[in-house]
Amino acid sequence: MAEGLVPNEDPGQAVAASGGPPVIAPGYTFGSVTDKISAIVLTRGTPLGWWLGFLLAFALVNVLLVSITYLLVKGVGIWGIDIPVGWGFAIVNFVWWIGIGHAGTLISAILLLLKQTWRTSINRFAEAMTLFAVSCAGLFPLIHMGRPWLAYWMVPYPNTMGVWPQFRSPLVWDVFAVSTYATVSLMFWFVGLIPDLATLRDRSPSRAGRVIYGMLAMGWRGSARHWHRYEIAYLLLAGLATPLVVSVHTVVSFDFAIAIVPGWHTTIFPPYFVAGAIYSGFAMVLTLAIPIRAIYGLEDFITMRHLQNMAKVMLVTGLIVAYGYLVEAFIAWYSGDRFERFVPFNRVTGPYALFYAALILCNVVIPQALWLKRVRNSVPVLFVIAIIVNVGMWLERFIIVVTSLHRDFLTSSWGMYSPTFWDWATFVGTIGLFLALLFLFLRFLPMISIAEMRAILPEAKVEEGR
Amino acid sequence: MPQIFHRSTNTIARVSIFGAVFFIAGLLLLATAVSRSSWVTEAGVPREQPIQFSHERHVAGNGIDCRYCHTSVEDSAFAGIPPTKTCMNCHSQIFSNSPFLEPVRESFHTDRSIEWTRVHDLPDFVYFNHSIHVHKGVGCTTCHGQVDRMPLMWQAKSLQMEWCVDCHREPERYVRPRDAVFSVEYAPPANQLELGTRLVAEYHIQKLTSCSTCHR
Amino acid sequence: MRTMRTPPFVYGVMAEFEDPSALVEAANRTREEGYQKIDAYSPFPIEALHDALGKHHSRLPLVVLIGGLVGCVAGYGLQYWVSAIAYPINVGGKPFHSWPAFIPVTFECTILAAALSAVLGMLALNGLPMPYHPVFNVPRFALASRNRFFLVIESRDAKFDIDKTRAFLETLKPREVTTVED
Amino acid sequence: MSPLNSSKPDNAGPRTWWRALEERAGDPAFQELLHNEFPSQVEAIADPVARRTFLKLMGASLALGGFTGCTLQPSEKIVPYVRQPEELIPGRPLFFATAMALGGVAIGLLVESHEGRPTKIEGNPLHPGSLGATDAFAQAAVLGLYDPDRSQTLTNLGDIRPWSAFLGELRAALAAQQPLKGAGVRILTESVSSPTLAAQIRDVLSRFPSAKWHRWDPASGEQARAGARLAFGEYVGVRYRFDRADVILALDSDFLGCGPGSVRYARDFAERRRPGQAGRMNRLYALDSMPSSTGARADHRLPVRPSEVEGLARRIAAAIGVGGVEQATGSSAGGQTTSDQTARWINAVAKDLQAHRGSSLVVAGDEQPAAVHAVAHAMNAALGNAGSTVIYTDPVEAEPADQLASLGDLVNDMNAGAVDLLVIIGGNPVYTAPADVPFGAALSKVRLRVHLGLYDDETSALCHWQIPETHFLEAWSDARAYDGTASIVQPLIAPLYNGKSAHELLAAFTDRPERSGYDIVRDYWNARAADLKIGGGDGAAAPKPGAGFSAAFESAWRRWLHDGLIPGTALSARTVAVRGPIPSTSIATMIAGAAGPRGAAGGTAPPPADGALEIVFRSDPSVLDGRFANNGWLQELPKPITKLTWDNAVLVSPKTAEMLKVGGVPSMQGGEHGQIVSDVVELRYRGRSVKGAAFVVPGHPDGCATVHLGYGRTRAGQVGSGTGFNANALRTSDAMSFGPGLQIARTGERYSLACTQYHHLMEGRGQVRAITRDEFVRNPSALKEGDQTPPKTLTLYPEHKYEGHKWGMTIDVNACIGCNACVVGCQSENNIPVVGKAQVLAGREMHWLRIDTYYRGPVDNPETYFQPVPCMQCENAPCEVVCPVGATVHSDEGLNDMVYNRCVGTRYCSNNCPYKVRRFNFLLYQDWTTPSLKLGRNPDVTVRSRGVMEKCTYCVQRINEAKIDAEKEERPLKDGDIKTACQQVCPADAIVFGDLNDPGSRVAQLQREVRNYALLAELNTRPRTTYLAVVRNVNPELGE
């Protein structure tokens, strides 16, 4: 059981077995791995590139702050929403971010359970990315309310009114699902960090660094018994996080599936949302991993093997998503319900047809290139495809939210939706928030799990009875 | 590497972690307590009024019936605040030149209304109807407290929704015979539940907990 | 836990090794020697090491199970109480106790409680946080989080005798043996 | 200065209010204010101290509402009366009867008053012109009263002056006129139906024999008057009896939608269309130009250009053997060129009419020329309808006149410099005068110009004196209904802005200039007491004001005020004879000239080849001739058929639009439910031109364009100024309602029209069910075909039981005429905000009740259906399940409660509402600041703030009120005790509300009817609001 972190077979063989490049370049020792990764954090001078990137992101954060302030002053009317389209960018972005937030936990938890050793060098920042994406996502349900200052009413607490949340509403499920997901992801991430924090504590040149990392490390000293419980806990967390990660996007999909709106009210949503989430999640990991490994020269740790595997996962989940689109249309036709039948028709021929076409192009057509080994081996092409998929998944959410609402049952109430400046500002702002947090993470915490990297080194193998 | 932390930090660390749990729990408890305290509800806080009007004197002292001043209590949602004229009915003779009553006389002559400070102030999205409550056997003192012992008026109950709903769920615990509605001496009998249950049936008192009962 | 004593006090004797195999070997030998109160430190988890120090069954899984069950019951209970007892309201013609709608929240509560108990349980059982520990007094112990492997025989051990124990450890061909003061 | 002093303690009506004011007047501080600053009393009244009411204006703290339990409310003041009026019970509204005159015809009203503030207007059930219903204009009058843009101070060239100053100047001017017998004095009024006012004017004219009285009122049936005179040689009042008519032919007449008596007519018409009694169902044929309510309800509608109506009318007349119609100019008789379809139509109509001699009815539209009216009169005479379905009386209007000529004369006199003193009483002639009658220009030649008006408008701008006119809810007066029944107009509130009524202004011409309107009206009727058979009324000479009225008069007076009408004042029927042949109208000839013989061919005749079109002027369904331009409720009211708000447009048929290559497309913002981006076209007509946005209207006749008057105002106020374009700029006196030779050119510009419904096709979703009468009689269940209502057994969940009451509503699509009265009534009752054009463009209008309009059939002449859609109050409400905070949940009586103060504004409920009846406060739409607007709000309904959802509540405030009253009286609720606002105002009685658990209730019976169906029933939402299918009484000869 506790083999979790230790490859059950020699990585060398693993390479041989699975073919393709190794998960870590040869010639590394405990020391060199440790030094190389911790150096990024412990270096005294901060690289100029980091500053530029961070300041740009920070500027965008201020865009977010401004637009939220204006929103609170004026009301959600500053957005493009109307009747019939009561949900616009806010919910689109919420679902998009939440989806992105799925890769981290998935890579850490599910791949851990599946004993995929190649996860080790990407899970750390994938988890970080999850946290940041979720915090961006969590923002939207709050600010999209007409009276956000009353958001706490969604939480059950004994109040002087003697009234409670309405637990049949998917929005309340969201509150529980998203907050649980955020909490568990945070714990998962932090538990994984503890040994590395200890490393930083022990190696930090500055007193302040030693104290701060020391506090966070909570006095971790690598005792064998601690390691034992630590691994049990880590595995249990993984076991809990796996159904959780599935449940979260299922619940998010309930926001739509529970409603009677044609185009929302369909049972395919949970699986197809989850697949979509993983799809976009891996796309985002690639989008981040590719530049990071280049900039910080981590090609030895984040090898082509990782990129290829992620490409394969994208290909699979992408196909599931495509299947989702098909089934959606088929069920609509098969239901014989005139309202349901109208939805796919309207998506293809209606005023938002262009968006739908773009969606199919980004999510279904282009990613098929991943079938080709040449494509999977070309870093720049992978990078471009990943970005395209990110866009595509955003479009998917836009199509689901807007085209279902804008023409529902009564023709008399058919309307349209188009975003305003403030819709865009808020969206861009959250991207800034996401990047800002990411930059801080890269600067102050090890972006690759050092302890786990040590564990997959050849020299970590213990020969009994020497 | 020298030891970074002193031995004591072990204890400090653990205490602070567990302490935090109890601290947060404590805060929440405090919040719920405060939200019901008279600091928020202003229950039990006597209000300054332009005139030192004493219900104690008029009700207990002179035994004036509630309805003499609050005329519309049986007909309208609003119980009615007496017009200056009502004060003058008596005070044109009694204490006709007491300095305390100067504002009354002034109002009567200049024809400018007296500005009382509202004591029982429900939020504007709450629609309370005095007449029906009085009709169904809810006594004045049930909600307004022992007015006859209030030199200056104060709000006796919290007037928070949970307080309203409490009675709307179990009226039998509060209703009294119609003839006792306006009595300030009335005290609930020992067999209140039994009596209440009977009255609830007799007066066709419904247990209205629908939102639109009060919110429109 | 510890009673007042006047430092310097010997916590134990520490041996440093170059590679995991050596450590595991040393651990085995030490137990064969009859030492009980020993502990080993490594920069990454070594399963064999845990066996070498003597297997013991962890109560953590049980803690997590209980936590999960509590969360489950509490979550469902809350919803039932709120919707059917505290303030039953007709919502869209659904029954007060519409259990299918209560499943998602129940599930989330289960996971949350279980996960919390896993992490907190792990920390508690490991006695963390413990920023101060005698082994940190050994300067070279900083390498325990990099590439060195340590074995400590604590002075609490019945068989512990500062000189004998040192001598014994020297026989394990460590890179170095140091006395851990407290 | 105010009528207080003279009011007697035992007067009926609002005397208590007066008394309160009397004190106010006596208040020296106030007197002082009055004389130096002329403060508007609105602030005074809104300020709790001066306002003798303690009920705070609802709402102000809803913003804080969310924090209940964790915020302190700001301390509030209670301000009791000093002397409380006897019959006023604080917190309970009082109702007073009064009347509103429009275009010289009054409708009787009951006005709800809270502590002296009129808040809601209802129809007066006793009044023949109302029967309890009203039109949209009456409903909106409350907002008109409190309009902060009303003229608030008496000004001379913009300087604020006291009334005395004005009196001084007027007296001087009159003194100067004495020797000239008032040769230089002119009085310009709108159509006058107030007997008192007429008497006053006559009195003035008797004092100044050479003075002249002119009338100009674009909203009164000018051509109908002319038509009557053309037919009978004298002015005659015409009253229709739709309750007696089996077959009706409307000659481009919208008798249901607008015009005198339309409210009553709608009721009578609907009464004869209950499929329950299929035998009594009437049949309506309509020649219709601009698609109208009447055209929509017609069983057979023929879209024709207005110019074609005369020809067709004459041919129908000829077909039923009316003499003297043929020898009109050749053009009109061009039968041979008629398309067969039209011919068939004409013959069928003629046959049907003849088959119902005495019980048929021909109605000519107000916009049709005199000749058409005359022809109609002739037909009715020939069909023996006179006296049965059409009643002739003396004119309702006092001394009717050819107003166009009257205005012309005035302008000529002014230009000739013959006018020294012009007193304009009401109206806005500078804006409404036809383009070729340069009223504004001529006005400057008058030495002293006085304008009495509600607004400081275009006319005021050109006058020396602007006198704020009292709103009809502020002043005493009287008026006559469509049948002549007189009502006393009694005020509900003292003039907010120190206004003067027409009576008080005219009193200034007499030697008792300070007489109050109250005295004037009372004295007049006291004088009339004798002819009204009221004992003791001391006959001829009006008695001294306030001096001895006989007890009999006092009691009669009190009854009049209480009932809202003066019995026995209805005009009695008289017989008149149509005289000889009816000459053809000049316009018809003109158009015949322009359009050639085809012009009269009717129906599907192609438009003139030269691309020249016909222009059609209509007063706007919302703002009429512009007099309501500053009324936000009416501006934002989606006009029947077009669903346009805040603008008028150039309305053309699809074919014509195609020909002109103009039209509109839904914008990405707002879309079909909000913003239509249209081509701006230039209308060139008789050397004049204006620009307006084109808008396509299915069913509009080809080859002509309809423009609505009343827009393009420059001094209407904050709300009305700068909306739409001014069609008066094209209107000429020889072609007041339509004329040929219009050229339409695209400008390439685009303009956003705020349209609340652009998609009018049902897409086979069964919103409206319709069937022909014969089919309905033969096989009613045909209506149920394709009905997919799931059986109640199809559910895992147990039913919720509804003991006690179970509220429900039915809406009869067959009766609804889409008049919008319910929409405004709902807005007024429920404090629904006006959001403004920009927000309507964004698809965010707030009406709780909307009227969906659907088309069926060919686009050039579709069947049109009106479907009012309030909240369906579904039993399985989809909105409730998704609300995270339980802000919308069910009540024990099955109401879908919306709890504003609990709402956090996720809008999920609206997304999940299949009927899209929920409305969201995207921004702060309510006006929290303007004091006068606060006065008009309904204190029984929460004023919603930003960020909360709202929707129809079945007027739960009325339900609770009625229930509480019943409880207190220990009696069960009777069916009809509770009327929702929309139900109460509905002229067609299309909306019925009641208790479904009471099998005897009307609503329960209607829901048992076979016509009953639920909207989107297949969704199993179980709506409590259901609809009654349409049954069209099609003439088998013509078929569908």
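1. Let us start in chain C of this predicted model, at the loop that runs between helix H4 (99-125) and strand E3 (149-154) of chain C. Pro129(C) is found in that loop. Look at the link just before this proline: the peptide bond that joins Leu128(C) and Pro129(C) is cis, and its omega is about -5°.

2. Chain A has a cis bond to look at as well. The peptide bond from Ile83(A) to Pro84(A) is cis, with omega near 10°. If you want to find Pro84(A) on screen, go to the loop between helix H3 (48-74) and H4 of chain A. Both of those helices come back in the next points.

3. How do you put a helix pair into words? Two packed helices are described by the angle between their axes and the distance between the axes. Try this on helix H4 (residues 89-100) and helix H16 (residues 421-444) of chain A: their axes come within 10 Å and cross at roughly 25°. Because angles under 35 degrees count as roughly parallel, H4(A) is roughly parallel to H16(A). The crossing of these two helices is right-handed.

4. Which residues of H4(A) meet H16(A)? They are Phe89(A), Asn93(A), Trp96(A) and Trp97(A). On the H16(A) side you will find Asp423(A), Trp424(A), Phe427(A), Thr430(A), Ile431(A) and Phe434(A). Sorted by class, the residues of this contact divide into 7 nonpolar, 2 polar and 1 charged.

5. Now keep H16(A) in view and turn to H3(A). The axes of H3(A) and H16(A) come within 7 Å and cross at roughly 140°. The two helices are therefore oblique to each other. H3(A) passes H16(A) in a left-handed crossing. The contact of H3(A) with H16(A) has 17 nonpolar, 6 polar and 1 charged residues.

6. Over to chain D for another helix pair. Helix H11 (residues 306-319) and helix H12 (residues 340-355) of chain D have axes that come within 9 Å and cross at roughly 50°. That angle makes H11(D) oblique to H12(D). The crossing in which H11(D) passes H12(D) is right-handed.

7. It is worth picking out the side chains in this pair by name. H11(D) brings Leu312(D), Arg315(D), Ile316(D) and Ala319(D) to the contact. These meet Thr342(D), Ile346(D), Val349(D), Ala350(D), Leu353(D) and Gln354(D) in H12(D). By class, the contact of H11(D) with H12(D) has 7 nonpolar, 2 polar and 1 charged residues.

8. Stay in chain D for a backbone detail. Leu131(D) lies in the loop between strand E4 (117-123) and helix H5 (136-146) of chain D. What is phi of Leu131(D) near? It is near 50°, a positive value in a residue other than glycine.

9. Finally, a word on empty space. Rolling a probe the size of a water molecule over the atoms shows where empty space is left. In this model, the second largest cavity holds about 150 Å³ of space. Of the 18 residues that line this cavity, the closest to its centre are Thr756(D), Glu845(D), Arg850(D), Ile851(D) and Asp852(D). Which strand gives the largest share of the lining? That is strand E30 (residues 850-856) of chain D, with 3 residues. The lining of the second largest cavity divides into 5 nonpolar, 7 polar and 6 charged residues.

Note on methods: Residues numbered from 1 in each chain as written. Chains lettered and ligands numbered in written order. Predicted model: local features only at pLDDT ≥ 70, side-chain atom pairs only at ≥ 80, totals over all residues. Heavy atoms only, no water. Axes fitted to C-alpha atoms, helices over the stretch in contact; angles between N-to-C directions. Helix = DSSP H or I, 4+ residues; strand = E, 2+ residues; numbered from the N terminus. Parallel < 35°, antiparallel > 145°, perpendicular 65-115°, else oblique. Left-handed = near helix turned anticlockwise from the far one by under 90°. Contact = heavy atoms within 4.5 Å. Nonpolar A, V, L, I, M, F, W, Y, C, P; charged D, E, K, R; others polar. 1 Å grid on protein atoms, 1.4 Å probe; cavity = no way out; pocket = protein on both sides within 12 Å on 5 of 7 lines; lining within 4 Å. Points joined across faces, edges and corners; volume = space filled by probe spheres on them.
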